[in-house]
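This report concerns a single protein model and the arrangement of some of its helices and strands. Please consult the sequence and the structure shown here while reading.

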Amino acid sequence: MRCELLLSDEAMADRGRKMLEAMAAAAPAAGIDLVVSKKWSRAAPVLMTYGLGHPARREWTRKHVAAGGRLIGWDLGYWDRDTPLRFHMRLTLDAEHPHRWIQPEPAERFDASGIVLREDADPSGPIVLCGLGAKQRKHKGYTGQAWELRTLARLRKRFGRGRIVYRPKRPEQGLPGCPVWNGQLEDVLRGAALLVCSHSNTAVDACIAGVPVECEDGAALALYCGNPYPSREQRLEFLRSLAWWQWKPTEAAAAWAFIRQKLCA
């Protein structure tokens, strides 16, 4: 397999660069004919990079896929994303999120994570509305809090004014008549009745916590599309599958094997 690895000089988080460097180092043994570039050069039918939300890389990857190329994308992991030395990076193929690829996978990766499913939801608790980040707003064409205000109005028609709280992605002004909840996400989710987001990783945190989810995109859409109240068994099956869509730099060789299996299926 011939692959162009885009290790650009544009803003790239240290963890993303380390993941790409690990994949580059493991490529020869994995049978990958790798071309490393700083700007998209159309050098291979497969393109790999980190941070698909970056403006330059988003445009390059969009053009690559539109021309019929295959895409391997990396970003910060679904869990253990901030753990020094053993951090995870999430994987996607041909799109910004991998929900269309998620299918039952062996249980071993998730079961080895030590994560224990909780049941923190309270049907009488608050509805948590998660805000978008600046990059997400720009990418989706929203000005300011347009998505949040539209979603808040929709939720108030269903649940009334008193039950909805707002958790912004970054500190910012609140929404009209809506309390702002900051702090650790685990504390915000504890006792919540529902989490509503666009495509945030908070949906995966809510899955672990046992809090129902409504989302529009993201990996969690594989579980929650038309099914905001999945069973514990469905949640566990989803998380066991999702664990195969994130890898550590030390697992680069195994990541290549998984990627090749999916791209050649």
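The sections below treat a sheet, the helices packed on it, and one loop residue.

## The four-stranded sheet

In this predicted model, four strands make up an open sheet with parallel pairing, in the order β7-β6-β8-β9. The edge positions belong to β7 and β9, each of which has a single partner strand, so one side of each is left without a neighbour in the sheet. Helix α5, residues 146-159, packs on this sheet and touches β6, β7, β8 and β9. The direction of α5 makes about 165 degrees with that of β6.

## Strand β6 and its partners

β6 pairs in the parallel sense with strand β7 (residues 164-167) over four bridges, and in the parallel sense with β8 over three bridges. Val128 illustrates both pairings: its bridge partner in β7 is Val165, while in β8 it stands opposite Leu195. Ile127 likewise has a residue opposite it in β8, namely Leu194.

The side chains of β6 are divided between two directions. Ile127 and Leu129 point one way from the strand, Val128 and Cys130 point the other way, and all are buried.

## Helix α7

How many of the residues of helix α7 (residues 202-209) are buried? Eight of its eight residues are buried, and the helix is mostly covered. The residues concerned are Thr202, Ala203, Val204, Asp205, Ala206, Cys207, Ile208 and Ala209.

The elements that cover these buried residues include the strands β6 (127-130), β8 (194-196) and β9 (213-214). They also include the helices α6 (185-189), α8 (221-224) and α9 (232-242). After α7 comes Gly210, whose phi is positive, near 80 degrees.

## α7 against the sheet

The sheet in question runs in the order β7-β6-β8-β9, and β6 stands opposite β8 at Ile127 and Leu194. α7 packs on this sheet, touching β6, β8 and β9, and its direction makes about 170 degrees with that of β8.

## Ala11 in a loop

Ala11 is located in the loop between β1 (2-6) and α1 (14-26). Is this residue buried or exposed? Ala11 counts as exposed because its relative accessibility is 57%, which lies over the 50% cut-off.

When neighbours within four places in sequence are left aside, Ala11 is in contact with His54 and Arg57. From C-alpha to C-alpha, Ala11 and Leu52 are 11 Å apart in space, and they are 41 residues apart in sequence.

Key. Residues numbered from 1 in each chain as written. Predicted model: local features only at pLDDT ≥ 70, side-chain atom pairs only at ≥ 80, totals over all residues. Heavy atoms only, no water. Buried < 20%, exposed > 50% of the residue type's maximum accessible area, 1.4 Å probe, protein only. Contact = heavy atoms within 4.5 Å. Pairing = 2+ DSSP bridges. Axes fitted to C-alpha atoms, helices over the stretch in contact; angles between N-to-C directions.
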